[in-house]
Amino acid sequence: MPKVHIDQDSDSDATIVQLSFGDRLGALLDTMKALKDLGLDVSKGTVATEGSVKQTKFFIKRLDTGRKVEDPDMLERIRLTIINNLLEYHPECSVQLALGEAFGIKAPEKKLDIDIATHIQVKEDGPKRSLLYIETADRPGLLVEIIKIIADINIDVESAEIDTEGLVAKDKFHVSYRGAALNSSLSQVLVNCLRYYLRRPETDIDSY
């Protein structure tokens, strides 16, 4: 199962990107070059083996600021760049990724039902922020769409953890409203807006 994990919380100075796929990865230098072409500095890269799975981890900063990546558009570009690089060197995994079809390679044999695959929860995470968990069918641009929906109801995203596991996107966001955790009413509004739009990807965001 190909997995891409983007972690904004574990390191205060860098965005951590971790890629796992089978018992082989390769193309480490090519992936680092692709990230540098986005204007990013890979300050460190490691490869570790857990059982039969190799995990490649990159610590990424912006070249222009020397800080971690905060912009959701850039985070999505990082995700798509890594998946595209993975598909280039391992086209056989395209049938396990929703983006295999998007990048013009072999599409998955089975597609997820968005209604069944979409799960959204808001949990308490202290007095000043809440934890938003979203699991849904993956597609290009998903992260940017989610961030826009959250911003449109004036909720702040403090940090994010983005996972792509095969056909499924599993994302966590630390969110707040005016410096405080979301109350139950606002949490329900957020869940309803996200569920409405994510289950209907062709819907104009302005209509929910």
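A salt bridge here is a side-chain nitrogen of Lys or Arg within 4 Å of a carboxyl oxygen of Asp or Glu. Keep in mind that we're looking at a predicted model.

With that rule, the count comes to eight salt bridges. Here are some of them:

| Acidic residue | Basic residue | Closest N to O distance |
|---|---|---|
| Asp 64 | Arg 62 | 3.2 Å |
| Glu 145 | Arg 139 | 2.9 Å |
| Glu 165 | Lys 170 | 3.2 Å |

Take Glu 165 and Lys 170: their side chains meet at 3.2 Å, N to O. Glu 165 has a relative accessible area of 23%, so it counts as partly exposed. Lys 170 comes out at 25% relative accessibility, so it is partly exposed too. Elsewhere, Glu 76, Arg 79 and Asp 138 are joined into one network by salt bridges that share partners.

For the Asp 64 and Arg 62 pair, the picture is mixed. Asp 64 is exposed because its relative accessible area is 59%, and the cut-off for exposed is over 50%. Arg 62 is partly exposed, with 23% relative accessibility. Then there's the pair made by Glu 145 and Arg 139, where both residues are buried.

Now for the nonpolar side of things. The largest nonpolar core holds 46 residues. Within that core, the members touching the most other members are Ile 78, Leu 132, Phe 173 and Leu 194.

What does Phe 173 touch, leaving aside residues up to four places away in sequence? Its contacts include Leu 131, Leu 132, Ile 134, Leu 143, Ile 146, Ile 147 and Val 157. Ala 160 is also on the list, along with Ser 130 and Ser 159.

Notes:
Residues numbered from 1 in each chain as written. Predicted model: local features only at pLDDT ≥ 70, side-chain atom pairs only at ≥ 80, totals over all residues. Heavy atoms only, no water. Core = buried A, V, L, I, M, F, W, Y, C linked by side-chain atoms within 4.5 Å. Buried < 20%, exposed > 50% of the residue type's maximum accessible area, 1.4 Å probe, protein only. Contact = heavy atoms within 4.5 Å.
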